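Trainee: I am new to this structure and would like a close look at a single part of it. Please take one sheet and go through it strand by strand, then place it among the other parts.

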Amino acid sequence: MAATKVTIPEYRETALDAIPAICQKVRDTFQTHKTKDAEFRLVQLRKLYWALVDLTPQIKEALRKDLGKSEYETVFTEIDWLKNDCMFQIRHLKNFMKDEKLGSPHVPLTYSFMNYRIKKDPIGAVLIISAYNYPLHLLLSPFVGAIAAGCTAVLKPTEMAPHTAMVAVEILKRLDPDAYAIVNGAIPETTALLDQKWDKILYTGSATVGAIIAKKAAETLTPVCLELGGRNPAFVTKNANIALAARRLLWGKAHNAGQVCMSHNYILVEREVVDSLIAHLNESFREFFPNGAKASPDLSRVVNARHFARLKKMLDNTKGKIVMGGQMDEKELFIEPTAVLVDSMDDSMVQEESFGPIFSIFPVDNLDQALGIANKVHRTPLTLFSFGTKDENNKVLNEMLSGGATINDSFTHGSLGTVPFGGVGDSGWGSYRGKASFDCFTHHRTVAETPAWMEALLRVRYMPYDWAKLRQ
Ligand code: NAD
């Protein structure tokens with residue numbers, strides 16, 4: 001199908017005084033019950049799918065402008081990802097929506113005539129606030145879940161990817177305008193949104209802002225799903241395939257220029273194989289970027305000058321030694337994938353979330369020491385990676401908790417859009433993706449139905465209480 005010629009307008013914040021009415025409209029629409037209808041949900045999901053197809057050129061262009069993202073990454077991690085999300089919900093929606101009949105072991109024989117079931121109710125009008133690194137994916141992927149669940153929604157894209165935010169506006173125009181809306185802006189607009197009453201808020205972003213969202217939501221007892229970040233460790237033991245570990249870990253930091261909530265912040269590596277790891281990282285670097293990283297069309301740029309300065313400061317403050325990369329160009333917001341060899345867990349490269357193409361390598365004596373350090377740096381990171389023997393990998397999983405984990409690779413657990421994704425503790429509350437996206441915006445309501453004929457049996461429960469009735 002030929003793409004429609006659509007010009008995406010300049011980024012504009014939503015007027016603050018328009019926000020209450022926008023939110024009221026989606027709340028009122030929810031009360032009409034029209035979004036609960038399965039056909040309505042399916043039509044909206046199909047419209048979203050075709051909007052993504054139709055606006056593919058605009059999406060590619062926006063992401064190139066916002067993050068210097070390659071078409072390759074845009075297609076796989078934004079457009080195709082979202083199209084697959086839509087297809088998954090379309091395919092399984094009627095099944096997800098079905099009441100679940102409850103039987104044994106939940107319902108004992110004596111209660112079995114009361115027809116216990118779980119009814120799947122949309123939670124209501126929801127707010128989705130998203131981060132900048134996958135600006136379309138992180139905005140629309142939870143939205144797919146909200147549509148599938150039968151909710152109405154207001155979306156707040158990140159202001160740091162303004163071109164993508166305006167493409168999202170165009171996408172939303174193709175869906176029901178009473179049920180879904182976009183509010184653009186930064187802190188004032190988000191604050192105005194948080195002043196409204198929501199039935200659920202899904203927020204993706206930093207832990208600092210996550211705490212602000214959670215605190216504000218608590219005032220009105222609004223449930224929240226928080227998708228936050230973390231200082232993710234990677235463990236590499238002397239028994240790992242070091243060349244493989246190096247290639248996979250470097251990819252995890254080069255992909256989207258390391259602006260991935262799941263990418264590793266630091267590698268804890270057994271001392272015997274530190275030199276080998278560094279040599280293999282450099283070898284992989286040369287393979288990935290044969291003409292240098294700066295010339296590569298595949299390496300995204302850092303999103304803006306503020307984040308460039310933050311990453312530069314981490315490198316300026318480190319007491320470690322750069323052992324791979326290190327080049328940067330402020331004008332182009334370019335930072336080479338960079339590894340720093342450190343020897344203290346207090347180093348800025350370990351303590352701060354990098355969320356960029358830079359990471360540290362921290363030599364350790366053994367896996368016990370590595371786990372001790374990682375648990376002290378951040379007890380519940382979003383992810384962890386382990387490269388070792390089966391027993392070593394199991395030890396890592398058993399002795400450190402994380403939102404998700406990948407063995408022998410970089411974030412494969414988060415590369416599949418159909419399995420639950422989320423943090424734990426201070427790296428996130430709740431999860432979404434696949435069926436979890438539907439569940440995230442669904443209230444699972446237990447319903448019981450007591451037939452009239454049961455009165456003969458139920459008389460034992462009525463006052464006046466009499467043990468003798470039980471024996472009759
Ligand atoms: P951010 O917290 O700066 O911004 C996220 C959203 O919050 C934006 O829409 C922004 O407008 C809004 N916001 C910012 N400050 C606010 C305030 N004071 N009050 C109300 N709203 C506010 O996050 P970011 O820089 O876009 O993203 C980077 C962070 O997000 C990293 O920590 C990363 O690990 C995390 N992240 C997590 C996931 C995940 O799925 N767990 C995915 C991507 C990014």
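Mentor: What follows is a walk through one sheet, and then a look at some other parts of the model.

The model is a predicted one. The part to look at is an open sheet of 7 strands, and its pairing is mixed. Read across the sheet, the order of the strands is β10-β13-β14-β9-β8-β15-β16. Two of these strands are edge strands, β10 (321–324) and β16 (404–407), and each of them pairs on one side only. From one strand to the next, the twist averages 25 degrees.

Start with strand β14, which covers residues 358–364. How many of its 7 residues are buried? The count is 6, and the strand is mostly covered. In the order of the sheet, β14 stands between β13 and β9.

Take the β13 side to begin with. Strand β13 (residues 338–341) pairs with β14 in the parallel sense, and 4 bridges connect the two. To find one of these places in the view, look for Ala339, whose bridge partner in β14 is Phe359.

On the other side is strand β9, residues 266–270. It is joined to β14 by 5 bridges, and these two strands also run parallel. Here Glu270 can serve as a marker, with Val364 of β14 as its bridge partner.

Continue from β9 to strand β8, which spans residues 233–236. Between β8 and β9 there are 4 bridges, and the strands run parallel. Phe235 has its bridge partner in β9, namely Leu268. After β8 the order goes on through β15 to β16, and β16 is one of the edge strands.

There is also an open sheet of 3 strands for comparison. Its order is β1-β2-β18, and its pairing is antiparallel. β1 (100–101) and β18 (442–447) each have a single partner strand, so one side of each is left without a neighbour in the sheet. Strand β2, residues 117–122, is joined to β1 by 2 bridges. At one of the places where these strands meet, Lys101 stands opposite Arg117 in β2.

Next, the helices. Helix α2 (residues 38–54) packs against helix α4 (residues 71–97) at an angle of about 165 degrees, and their axes are 9 Å apart. That angle makes α2 roughly antiparallel to α4. The crossing of α2 past α4 is left-handed.

Helix α9 covers residues 242–254 and contains Arg247. Is Arg247 buried, exposed or partly exposed? It is partly exposed, because 19 other C-beta atoms lie within 10 Å, while a buried residue would need 20 or more. From Arg247 to Asp66 the separation is 181 residues in sequence and 27 Å in space, C-alpha to C-alpha.

Last comes the ligand, which is surrounded by 28 residues. The closest are Ala131, Thr190, Gly205, Gly229 and Cys261. Helices α7 (187–194) and α8 (207–219) are the elements that give two or more residues to this shell. α7 gives the most, with 3 residues. By type, the residues of the shell divide into 13 nonpolar, 11 polar and 4 charged.

Terms used: Residues numbered from 1 in each chain as written. Predicted model: local features only at pLDDT ≥ 70, side-chain atom pairs only at ≥ 80, totals over all residues. Buried ≥ 20, exposed ≤ 12 C-beta atoms within 10 Å, placed from the backbone. Near = placed C-beta within 6 Å. Nonpolar A, V, L, I, M, F, W, Y, C, P; charged D, E, K, R; others polar. Pairing = 2+ DSSP bridges. Axes fitted to C-alpha atoms, helices over the stretch in contact; angles between N-to-C directions. Parallel < 35°, antiparallel > 145°, perpendicular 65-115°, else oblique. Left-handed = near helix turned anticlockwise from the far one by under 90°.
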